[in-house]
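Colleague: Before we discuss the packing, may I ask you to justify the terms you apply to this model?

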Amino acid sequence: MSWGTPAVTRTARKRHVCNLCEWSILPGDPYLRWCWFSDGFATTVKTHKGCLRLVEEYTNPEPGGSYVIDEEAIPEALSWHEPSKEELIRVAGPVLGRLWSNYLNE
Ligand SMILES: [Zn+2]
């Protein structure tokens, strides 16, 4: 069984790595942070807000309403849905939307 604490918004004081895209969360950037418990392990999850929005927009929640958070979640969802650059920017914001759009077109 897995469960997570509610996500809280923090402002990065040092560089973090987003669990979803593996790009940097830079000092000063807002990000989401929560704890995830699964099979006896506790993990602290940190994501860009835009990356979590992409997961929520393009993937289906697990029974119970949580989403799979790993580095494959967004690439899989995007290769399935193939959203336009404009669509990515709408969902993820200008910076992350462009990064993911470039990633899709590589
Ligand atoms: Zn990210």
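The exchange below takes up the terms one by one.

Modeller: Please bear in mind throughout that this is a predicted model.

Colleague: What makes glutamate 86 exposed?

Modeller: Glutamate 86, which is found in helix 3, has 10 other C-beta atoms within 10 Å. A residue counts as exposed if 12 or fewer lie within that distance, so glutamate 86 is exposed. Its C-alpha atom is separated by 8.8 Å from that of arginine 98, 12 residues apart along the chain.

Colleague: Why are helix 1 and helix 2 called oblique to each other?

Modeller: Their axes come within 10 Å and cross at roughly 50°. Angles under 35 degrees count as roughly parallel, and 65 to 115 as roughly perpendicular. The angle of roughly 50° falls in neither range, nor is it over 145, the limit for roughly antiparallel, and therefore helix 1 and helix 2 are oblique. The crossing of these two helices is left-handed.

Colleague: Which residues meet where helix 1 and helix 2 are in contact?

Modeller: Helix 1 brings Cys51, Leu54, Val55 and Tyr58, which meet Ala73, Ile74, Ala77, Leu78 and His81 of helix 2. By class, these residues comprise 8 nonpolar, 1 polar and no charged. Isoleucine 74 also reaches beyond this pair: leaving out residues up to four places away in sequence, it touches Leu20, Cys21, Cys51, Leu54, Val55 and Trp100.

Colleague: Why are helix 3 and helix 4 called oblique as well?

Modeller: The axes of helix 3 and helix 4 cross at roughly 140° and come within 7 Å. Roughly antiparallel would require an angle over 145 degrees, and roughly perpendicular one of 65 to 115. Roughly 140° meets neither condition, so this pair is oblique. The crossing is right-handed. Lys85, Leu88, Ile89, Val91 and Ala92 of helix 3 make the contact with Pro94, Leu96, Gly97, Arg98, Trp100 and Ser101 of helix 4. These divide into 7 nonpolar, 2 polar and 2 charged residues.

Colleague: Which residues touch the most other members of the largest nonpolar core?

Modeller: They are Leu20, Cys51, Ile74, Ala92 and Trp100, out of 16 residues in that core. Strand 5, helix 1, helix 2, helix 3 and helix 4 each give two or more residues to it, and helix 1 gives the most, with 3 residues.

Colleague: Which residues of helix 1 are buried, and what covers them?

Modeller: The buried residues of helix 1 are Gly50, Cys51, Leu52 and Leu54. Their cover includes strand 5, strand 6, helix 2, helix 3 and helix 4.

Conventions: Residues numbered from 1 in each chain as written. Predicted model: local features only at pLDDT ≥ 70, side-chain atom pairs only at ≥ 80, totals over all residues. Buried ≥ 20, exposed ≤ 12 C-beta atoms within 10 Å, placed from the backbone. Helix = DSSP H or I, 4+ residues; strand = E, 2+ residues; numbered from the N terminus. Contact = placed C-beta atoms within 7 Å. Core = buried A, V, L, I, M, F, W, Y, C linked by C-beta atoms within 7 Å. Axes fitted to C-alpha atoms, helices over the stretch in contact; angles between N-to-C directions. Left-handed = near helix turned anticlockwise from the far one by under 90°. Nonpolar A, V, L, I, M, F, W, Y, C, P; charged D, E, K, R; others polar.
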